[in-house]
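Me: I'd like to get better at reading a fold from its parts. Can we go through one together?

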Amino acid sequence: MPAIGEMFSRKLYSEDIGDRLYEFASAIYPICRSITGNGVRETLRHVKKIVDIDIHEVPSGTTAFDWKVPREWNVRDAYIKDPTGRKVVDFKVHNLHLLNYSIPVSTKLPLSELKKHIYTMPDQPTLIPYRTSYYKDNWGFCMAHNELQKLADGMYEVFVDSDHNDNGSLSYGEYFHQGETDDEFLFSSHVCHPSLANDNCSGIGVNAFLASALSKVRTRYSYRFIFAPGTIGSITWLSRNQDRAQRIKHGLIVSCVGDPGGPTYKRSQKGTALIDRAVEHVYTSSESNPNIIDFSPYGYDERQYCSPAFDLSVGLILRSKFGEFPEYHTSADNLDFIKPEYLGRSFKALLDIIDIVENDFKTVSLAPNCEPNLGKRGLYGAIGGDKTAYDANLPVFWVLNQSDGTRSLLDIAVRAKIPFERIQAAAKMLSENDLLKVV
Ligand code: ZN
């Protein structure tokens, strides 16, 4: 019989976590990541300093359902020189300047031809856009529209020192924490974006530190953390773990969790899974204006986990919604955009969600004939810290009233509009006094 356990949100949370997450995000921000290559490996080495992940290498050309692991891409240098020989675009200044996955090139061409390979955002003319060409051979550069306007006619020198290796591999990191059951709670972050801080240095950091924290405690569920390139990484993981995937009972994709907006939650395909209700309860209990949105098959790796063959209860947790904040996929998604405060709040929200999933038991009252006499047991107003007896006793009365064996503690918290941790504390006290049991 499972027991109402301990809550991790206090034990595993420390006031300095936001600063530590920010420091981690700052360390991996400059790395030029992609869906394969040394930037991913270097990022995973940073994660491994926080928590002891396994690093897997899947050879290029490996079939993953309808996809193939691509050739491994690495880049050493890339620039454009103007007719006077001055570097006007330099990958070493900002890695967003290079179209991610560019093929090598070394040539001279007139500005009019060069412009066919330049990507800008006229509506955000001071920012560098983030663009990729993973599955189509192409080369290109990204730059601020205002800078492009300044370029004079003439012959330009273009150089990209990159390679696509048929004998390379796709790298991903994985951490597994064994709980009392083999049922799993999955956390996943994409590790393929280059210098973009919110999307997704923030998510990589939050998941790494969460895995590290959970590694130190006993849990009911087993926990799996995946650090993989977006889309092809999760497709590759699922293709190699088809049986194991069925153990995933709850899951969250963690992305864009360091900015002041939102917070946002995109439900799993199922929409009413425990994870969906847990996140909604945590957000509505702790945030003034949460944005809870329904599933749609566009976004991050929840698309793969929620595909028909798997249909897992995996949602997407963010602060600002991807695609909707002006900094999204631009050079403005930098270390000024994310803040320790919001990284810390995202970390705390995940602990609160874990607490619900770990403790969401159905309960039955052992004294269902009217209200039990709490006074004679010394339990009336027994939970300290409240200003009034009403506040102290209300969660206890809700738990006693609703514990008919059909409702879970989260059901009760939602109905009572009382934070889960207070309902859980009341249930724990009642069960320790033989007034309640887990069904
Ligand atoms: Zn993105």
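Me: Let's start with helices. At roughly what angle do the axes of α12 and α14 cross?

Reply: Before we dive in, keep in mind that this is a predicted model. For a helix pair, look at how closely the axes approach and at the angle between them. Here helix α12 (residues 389–402) and helix α14 (residues 420–432) have axes that come within 9 Å and cross at roughly 70°. Angles of 65 to 115 degrees count as roughly perpendicular, so α12 is roughly perpendicular to α14.

Me: Which residues of α12 and α14 meet there?

Reply: On the α12 side you'll find D391, A392, P395, V396, W398, V399 and L400. They meet R422, I423, A426, A427, M429 and L430 of α14. Sort the residues of this contact by type and you get 11 nonpolar, no polar and 2 charged.

Me: On to sheets. In what order do the strands of the 8-strand sheet come?

Reply: The general idea is that strands of a sheet pair through backbone hydrogen bonds, either parallel or antiparallel. So you walk from neighbour to neighbour and note the sense each time. In this case the 8 strands form an open sheet, ordered β1-β10-β12-β11-β13-β16-β14-β15, and the pairing is mixed. β1 and β15 (291–293) are the edge strands, each pairing on one side only. On average, neighbouring strands are turned by 20° against each other, direction ignored.

Me: How many bridges does β10 make with β1, and how many with β12?

Reply: Strand β1 (residues 54–59) pairs with β10 over 6 bridges, in the antiparallel sense. To get the register, pick a facing pair: P59 stands opposite S169 in β10. With strand β12 (residues 222–228), β10 has 5 bridges, and that pairing is antiparallel too; there E174 stands opposite I226 in β12.

Me: Why is β10 largely enclosed?

Reply: Count its buried residues, where buried means under 20% relative accessible area. In strand β10 (residues 169–177), 8 of the 9 residues are buried, so the rest of the structure largely encloses this strand.

Me: Do β11 and β13 run parallel or antiparallel?

Reply: Parallel: 5 bridges join strand β11 (residues 184–190) to strand β13 (residues 248–254). As a register marker, take L186, whose bridge partner in β13 is G251.

Me: Which strands does helix α6 lie across?

Reply: For a helix on a sheet, ask which strands lie under it and how its direction compares with theirs. Helix α6 (residues 197–214) lies across β10, β11, β12 and β13, and runs at about 150° to β11. Helix α7 (residues 232–240) also packs on the sheet, where it touches β1, β10, β12 and β13; its direction makes about 65° with that of β10.

Me: What order do the strands of the 3-strand sheet have?

Reply: That open sheet reads β18-β17-β19, with antiparallel pairing. β18 (404–408) and β19 (436–438) stand at its edges with a single partner strand each, so each has one side without a neighbour in the sheet. The twist averages 30° from one strand to the next. Strand β17 (residues 362–365) and β18 share 2 bridges, and V364 stands opposite D404 in β18.

Me: Last one, the metal. Which residues coordinate the zinc ion?

Reply: For a metal site, list the donor atoms, then see how they're spaced in the sequence. The zinc ion is coordinated by H193 (NE2), D199 (OD) and H329 (NE2), at 2.1 Å. Along the chain, the donors follow H-x5-D-x129-H. H193 has 8% relative accessibility and therefore counts as buried; D199, at 0%, counts as buried as well.

Key: Residues are numbered from 1 along each chain as its sequence is written. This is a predicted model: local features need pLDDT of at least 70, side-chain atom pairs count only at pLDDT 80 or more; totals for chains, interfaces and linings use all residues. Side-chain values use heavy atoms; hydrogens and water are left out. Donors are N, O and S atoms within 2.8 Å of the metal (3.2 Å for Na, K and Ca); water is not among the atoms, so sites may look incomplete. Buried means under 20% relative accessible area, exposed over 50%, partly exposed in between (1.4 Å probe, protein chains only). Helices (H or I, at least four residues) and strands (E, at least two) are DSSP runs, numbered from the N terminus. Two strands pair if DSSP finds at least two bridges between them. Axes are lines fitted to C-alpha atoms, for helices over the stretch in contact, and angles run from 0 to 180 degrees between N-to-C directions. Angles under 35 degrees count as roughly parallel, over 145 as roughly antiparallel, 65 to 115 as roughly perpendicular and the rest as oblique. Contact means heavy atoms within 4.5 Å. Ala, Val, Leu, Ile, Met, Phe, Trp, Tyr, Cys and Pro count as nonpolar, Asp, Glu, Lys and Arg as charged, and the others, Gly among them, as polar.
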